[in-house]
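Subject: Structure for your review

Dear colleague,

Please find below the structure that I promised to hand over. I would be grateful if you read my notes with the model open beside them.

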Amino acid sequence: MPNENKSQAPAEQFDVVVIGGGPAGYPAAIRAAQNGLAVACIDEWKNRDGTAAFGGTCLNAGCIPSKALLESTELYHRVQEEFAVHGIKVSGVTLDLAQMQKRKAGIVRGMTQGILALFKAAGVSPLQGHGRLLTRRQVEFTAHDGARRTLGARQVILAPGSTPIELRSAPFKAPGIVDSWGALDFDAVPKRLAVIGAGVIGLELGSVWRRLGSQVVMLEALPEFLAIADQQLAKEALRQFKKQGLDIRLGAKVTGAAPSGAAVEVTYSDAKGEQHLTVDRVVVAIGRRAYTKDLLGSDTGVELDERGFIKVDEHCRTGAEGVWAVGDCVRGPMLAHKGKEEGVMVADLIAGRYGEMNYKVIPSVIYTAPEIAWVGLTEEQVKASGRDYKVGVFPFLASGRARAMEQAAGFAKIIAARDDDEILGVHIIGPLAGELIAEAVLAMEYAASSEDLQRTIHAHPTLSEAVHEAALNADKRSIDSLNR
């Protein structure tokens, strides 16, 4: 173990050292460099082929590759199920999964190489290997080849990210059982697939392989579907996913998963007792935990809470002077955009600039079809608060643009306070919901009222009119739908 209390100064000195080059770490490094500071960014990600890459889980094994496959598989599904309605007759459609995976890999490679280009332009020193915080804001850097050196920093930003939670009853090392990264790399479409966990990640992965022909069974331990979402939204989503052939079983607690020949035998319990399921592959998607393995030396002053997250204040300061932590390793939703804004905030605060995070208006998106997005409070949360409120809903079935796109499932929903009309929450399930939610985020950032949206002109015909009409419906003034 290296001596963590050496008196001599490190050979390399930086204003800021960022440990972690994912969606929280690399923006922090770039912003710090933009602020005129000398910055190094350490990242230890290695791909399955042994190559190193910046971008963390998001760019390499999460957000970006999953969206690439979701886009490709949605097109494959539409060409078979929808094109004929448009008068486009296609025959002999075949799946080239290898090409689909090649396209995905190319997108990922381009994005991760882009970070190095951004670092070069901003003047960030990229270091690929493991970073470990020592005392007095010194950082031990161990390169992938084993070479070790110590860096000095005036400020340190910890952004180590997160890692998939493993089930003891379904370990990742067992044949046929994979985590979310493994589920993105299948070289063949499994005939039968079990997804443990029907949350954001599970739904996206289940959708990918269902579109390609898998029989997908989703085992969710909770009795409610998408318990984190507005329940009117969740009920519509469940209805749509079942129509697509996803077999979603609620209150299903997995007790075991073991290889049996070329298959995997899964056991779970539900209201009816113990159940058995035979599948070809199992994807475990029950959530993620902060990744802090070998991140902290002794006596750094950085503390972890009971769940393994790094303790920070509202500005992401840890208990150690000059040490900050951002992204998945701290409290709050594990979302790339939340981590990014935290990283930017911290980099600005370090430079003596203004920095702030509004944790009340962080959007969430599920990139299924239909897409699901929300920001702010659910109707259940508003009701529990005791505040009097009103609700406006507009169905995409009444949207000319959505019907022209043959994507008229779902609705936009706005919840506003009855006393001052402040928008409290917006929930959308429908085409491009992840894009539409941005208007709601901006409105809520400025504490807008539903009347503000009502009096804002929206182009016709567009999907965004659904948000406009939902706002009107909150006051029973909708033009293009019934006011109930």
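The notes below cover empty space in the structure and then one residue.

This is a predicted model, in which local features need pLDDT of at least 70 and side-chain atom pairs count only at pLDDT 80 or more, while totals for chains, interfaces and linings use all residues. Residues are numbered from 1 along each chain as its sequence is written, and side-chain values use heavy atoms, with hydrogens and water left out.

Rolling a probe the size of a water molecule over the atoms shows where empty space is left. On a 1 Å grid over the protein atoms alone, a cavity is a set of points where a 1.4 Å probe fits but cannot get out, and a pocket is an open set with protein on both sides within 12 Å along at least five of seven lines; lining residues have an atom within 4 Å of a point.

The search of the whole structure finds one cavity of 30 Å³ or more. The largest cavity has a volume (the space filled by probe spheres set on the grid points, which are joined across faces, edges and corners) of about 50 Å³. Among the residues that line the largest cavity are Pro164, Asp179 and Arg288.

The second largest pocket has a volume of about 1100 Å³. Its lining consists of 34 residues, and Glu74, Arg211, Ala369, Pro370 and Gln407 lie nearest the centre.

Ala194 counts as buried (under 20% relative accessible area, 1.4 Å probe, protein chains only), because its relative accessibility is 0%. Ala194 and Arg281 are 87 residues apart in sequence, yet 6.4 Å apart in space, C-alpha to C-alpha.

Yours sincerely

Technical notes: Buried means under 20% relative accessible area, exposed over 50%, partly exposed in between (1.4 Å probe, protein chains only).
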